[in-house]
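Visitor: I should be grateful for a close look at a single part of this structure, namely the nonpolar core, together with whatever may be said of the salt bridges and the pocket.

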Amino acid sequence: MSNAKLPTTTKKAKGDEIVSGGNQDYVTMTIADQLFGIPVLQVQDVLGHQRITRIPLAPPEVAGSLNLRGRIVTAIDVRLRLGLPSRPKDKPGMSIVVDLRGELYSLMVDSVGEVLSLSNDDFERNPATLDPRWREVSTGIYRLNGQLMVVLDVPRLLNFTTMEAA
């Protein structure tokens, strides 16, 4: 047995969560020229443009549903959820599929970028100047070479009861 000392991690309180020193991996996406990230472990699939069937009487943010390998997936227009104008029809967009409590959701975004491994030490709470609608659905931000990456909180993004109350 080796006497090598194992690295230790320190724990820091960040907002309502406790995060440990180390890195977190995020799938990045662009929506209306703004960079967003979702923890990679929440991502099930990345899709190109898909044919979506509209769902009658659904909230405006619910674009419809699509079939992914035999499973029905609810498509969410993240632009509308964030209070942004609709994507131009000539730009097809992409989707990031996430699983929330056994249900699949397709988050419709403009483009999907790369996976970034970012230090938990660089994570910051949402600034007071961040749009309140964005603050409601994000856990915090990273400042990356002059660009802000907003980290989306998938359960809060998909919680439509708070939207109806607003």
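Guide: What follows treats the core, then the salt bridges, then the pocket. The model is predicted.

The largest nonpolar core holds 28 residues. Within this core, the residues that touch the most other members are Met29, Ile31, Phe36, Leu82, Leu107 and Leu158. Several elements give two or more residues to the core: the strands are S3 (23–31), S4 (34–39), S8 (94–100), S9 (103–109) and S12 (147–152), and they are joined by helix H3 (154–157).

Phe36 may be examined individually. With neighbours within four places in sequence left aside, Phe36 is in contact with Val27, Thr28, Met29 and Ile31, and also with Leu82, Trp134, Met149, Val150 and Leu152. Three of these partners, Met29, Ile31 and Leu82, are named with Phe36 itself among the residues that touch the most other core members.

The salt bridges may be taken next. The whole structure contains five of them, and three are described here.

Arg81 pairs with Glu136, with 3.9 Å between the closest N and O atoms. Because Arg81 belongs to helix H1 (residues 78–81) and Glu136 to helix H2 (residues 132–136), this salt bridge ties together parts that lie 55 residues apart in sequence. Arg81 has a relative accessibility of 0%, and therefore counts as buried. Glu136, by contrast, has a relative accessible area of 30% and is partly exposed.

Asp45 and Arg69 form another salt bridge through their side chains, at 2.5 Å from N to O. This pair likewise links distant parts of the chain, 24 residues apart: Asp45 is in strand S5 (residues 43–47), while Arg69 is in the loop between strand S6 (62–68) and strand S7 (71–77). Arg69 is exposed, its relative accessible area being 67%.

A further salt bridge joins Asp153 to Arg156, whose closest N and O atoms are 3.2 Å apart. Asp153 is buried because its relative accessibility is 16%, under the limit of 20%. Arg156 has a relative accessibility of 35% and so counts as partly exposed.

The pocket completes the account. The largest pocket encloses about 400 Å³ of space. Its lining comprises 19 residues, of which Ala63, Asp77, Arg87, Lys89 and Met108 are the closest to the centre. By character, the lining divides into eight nonpolar, six polar and five charged residues.

Notes: Residues numbered from 1 in each chain as written. Predicted model: local features only at pLDDT ≥ 70, side-chain atom pairs only at ≥ 80, totals over all residues. Heavy atoms only, no water. 1 Å grid on protein atoms, 1.4 Å probe; cavity = no way out; pocket = protein on both sides within 12 Å on 5 of 7 lines; lining within 4 Å. Points joined across faces, edges and corners; volume = space filled by probe spheres on them. Nonpolar A, V, L, I, M, F, W, Y, C, P; charged D, E, K, R; others polar. Core = buried A, V, L, I, M, F, W, Y, C linked by side-chain atoms within 4.5 Å. Buried < 20%, exposed > 50% of the residue type's maximum accessible area, 1.4 Å probe, protein only. Helix = DSSP H or I, 4+ residues; strand = E, 2+ residues; numbered from the N terminus. Contact = heavy atoms within 4.5 Å. Salt bridge = Lys/Arg side-chain N within 4 Å of Asp/Glu carboxyl O.
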